[in-house]
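User: I'm new to this one and would like a quick tour. Can you walk me through it?

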Amino acid sequence: MENQKIGEKLFWSVFRNKYLNKIIFKRSDFKLNAYTYYEMNNVEWIINNKHFSLLREKVMRNDRNLNFLIRFFINPIFAFFKDDYEFYYNLFGNYGNNKYISKLTLSDLEFYSRMNDNVALLKILIDKSKDYINLELFYKFICIGAINSSIYLYNNFFKDYLINNQPKSTNELWYETIGYSSEFNPKFKYWKKGFYIELWNNTNRCSSKLKSKFDYRKYFFNKHGIYFKKVEFYVNFISKSIPPFSKHLNNTSEIELRMTRFNNPIIFDLSIHKQKLKHLIVYCKTILLLLLSVNQTELNYSKDDIIEMEQLNQWEIQFSKSELNTEVSSFSYKNEKVKRLFKMMLPFCGNRIVEDDYKVKDEPLEKDSFLFYQTKYNGEMDEFSKKEFLPISFGFYNYRHINNHFNCQRFFKNPFEFSMNDRNDRIIPFFKDAIKDHLDPSIERYFKHYKVNLINVAVIINDFEILQMVYNQLYNNNKSFEKDEFFLFETCYNDKLDTRIFDFIIYKIPERSRLNILNVIDRYYNLANHFKNNYPIDYKNSILHYELNLKSRLLPNFYIIKFLLENYKDFVDNLNQIQIRLPEFIYCHVYNAFKIRPLLTYKNSDGVEVEIKPTQYTLIDFNIFRGEVASQLNWVMNNRIQDIKDGTLQITYDKILLTQYLRNNIEETILNDINNSYYQQEGVTPTILNDLLDEIAKRGDIITIEFIIDQFKNNKPFLNHIISTNYTISKSFSSTYYQTDFYNYLDNKS
């Protein structure tokens, strides 16, 4: 809240400075995605661009041009303003009659306050209906993990009840809202990227004989970090003594209790090695709270493996931000802190297979965290571990696995997934063992790995020294790789490749591959330039074998276009080649709009620079973002206006109208068409104005719409399209239904 006030003070100090105001808020020459302060009225746009301070300022001063039509999700507002009671007081006070805001019910306010742990919104809910507050609501907020709101409800409404009725009241709260599990409960609906997703699965929730008055399954959420907050809330506010875990409490439950291999409840349903380090520390803190608050006689663990809270807090500070955001599997096996954290988690952890973020298999998979620990930290890999993980992931050499793994993965993934930080202890010994076996005549050829696989792996991990080691020992200074072995190397190129590796490889690969190299690396701008600048002869030869296909390769990677645009004269030297090889060159140039000269030329037979005359072309239209075409058309109008005049660019008039409006030229464009002659033509319908009208409406641009209405006052079909006597407001302006000033203006015109 304090930061918010500082931000607002800074905003107004800049806004009231005449010089800075003129610089910042000056009218843009092309206003696509550029709005004046007045035009920044679309709440959805404000939300998507995270201009929350702007939204607050407009709400507080009751801006009547705000458009509350939110097609997707209003939730970000409630997620951001969590403690700003004044904001919500003015939002519902100033816009309570707004056609969108007025649709929000008490249930909606409860939902958004609960999902976002929004105390300020909860207070608004209580202001509107004090009868809404009951024990059931309190349980819902705890269940979902809305801890700040739960603390508010506890201190103001339920503290006396829980104190006067304990231990029954406190035990009931524990079993109904927290329990000994961080799993999802049956038929639990959870929020993911704006959507509700249902999950069905067994649960470890220790159910008591107490029956809740509401279906907890719709609200219960114990996932990982939230579970820690709930346990911490219980210990700090409800009771210092957590009800001990007891298997017999689950006997009356219809839900089967799932246990770990240590015969403990699965408190954390996850794969430890896939978690970020910062989360692992939080999980260990949770375990510590559960163990220290009571005498847990039925939980199996070694006290020597438990890390004290002071130590956990100290480690959390000692780790860097980068380390805290790193997956546990990426750390070296010699990192004792991570190892201890991992080991502390093991007795209370299991996991199941989850597919596609929401399909959950019933089959539990408790073994992988244990097997991972056993393999990475103890160096033990039994048959069970080999079924779960590939030996090479940990840097363990096994000649029976190497070829199968490489052929299946096709090098899209680092094969040393769990050992990249153990280069000297695991990766280099792996290569040495592989080289030794390859040179061992006693091992049958069938079981030997391909030499080129080792070369490719060295390239994938971008390790020049290892590449040299493999080459020197396996290729005996042979100048080139065997042709039949070079089937995978081309997939290893990328813009992060050590150029020493590229230089080392280029004259050792077969000639046919070297001639094809530009087709592989053209999309990697830095690598392509390195090739051109350091190998001019090979670059020219590669151009002769280059297959140019701009249109099909345009969208996946823009760098290919950048390299070609900067070096297009390397690929064509006469008009015939241009017509054959660059038919869509202007088309791609327009879309990318790189800052090179818009006039593309070539030397004719007399050595004179002549402009490339493109064939007819169109602009890219994704049918989702109107601005994509307007942005490209603006570039054409600035740089190649003749393409529009002579018909080289195929463009419809509605796109020209929209673009001219964004260029601040709409009045001139319409006035130049004397007596609306264009709009009187047969086949030209009022819908040609739709994109233009929608953009005007979005901005609340009353001045421009007034001008257009005046220009079409003698053109009844077009005028009716703007102002419909049957529906009061034209469908083109349906969005203004939630925009007070603009709506009132059009309503008065009808």
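Analyst: Let's start with a term: buried means under 20% relative accessible area, exposed means over 50%, and partly exposed is in between (1.4 Å probe, protein chains only). This is a predicted model, where local features need pLDDT of at least 70, side-chain atom pairs count only at pLDDT 80 or more, and totals for chains, interfaces and linings use all residues. Residues are numbered from 1 along each chain as its sequence is written, and side-chain values use heavy atoms, leaving out hydrogens and water.

User: Is Phe157 buried or partly exposed?

Analyst: Look at its relative accessible area, which is 38%. Buried would need under 20%, and exposed over 50%. So Phe157 is partly exposed.

User: What kind of ring pair do Tyr152 and Phe157 make?

Analyst: Rings of Phe, Tyr and Trp (its six-membered ring) pair if their centres lie within 6.5 Å; planes under 30 degrees apart are stacked, over 60 edge-to-face, and the rest tilted. The structure holds 48 such aromatic pairs. For Tyr152 and Phe157, the centres are 6.4 Å apart and the planes sit at 70°, so the pair is edge-to-face.

User: Which helices does the pair of Trp174 and Tyr234 tie together?

Analyst: The ring centres of Trp174 and Tyr234 are 5.1 Å apart with planes at 70°, so they're edge-to-face too. Both residues are buried. Helices here are DSSP runs (H or I, at least four residues), numbered from the N terminus. Trp174 lies in residues 168–177 and Tyr234 in residues 225–238, so the pair ties together parts 60 residues apart in sequence: helix α11 and helix α12.

User: Which helix gives the most to the largest nonpolar core?

Analyst: A nonpolar core is a set of buried Ala, Val, Leu, Ile, Met, Phe, Trp, Tyr and Cys residues joined through side-chain atoms within 4.5 Å. The largest one has 105 residues, and those with the most contacts inside it are Tyr88, Phe138 and Met345. With eleven residues, the one giving the most is helix α13 (residues 277–293).

User: How many residues does the second, separate core have?

Analyst: Among its members are Ile435, Ile455, Leu467 and Tyr535. The count for this second core is 46 residues.

User: Which residues does Asp425 touch, beyond those up to four places away in sequence?

Analyst: Asp425 is found in helix α20 (residues 423–439), and at 35% relative accessibility it counts as partly exposed. Contact means heavy atoms within 4.5 Å. Leaving out residues up to four places away in sequence, Asp425 touches Tyr333 and Lys334.

How values were computed
Helix = DSSP H or I, 4+ residues; strand = E, 2+ residues; numbered from the N terminus.
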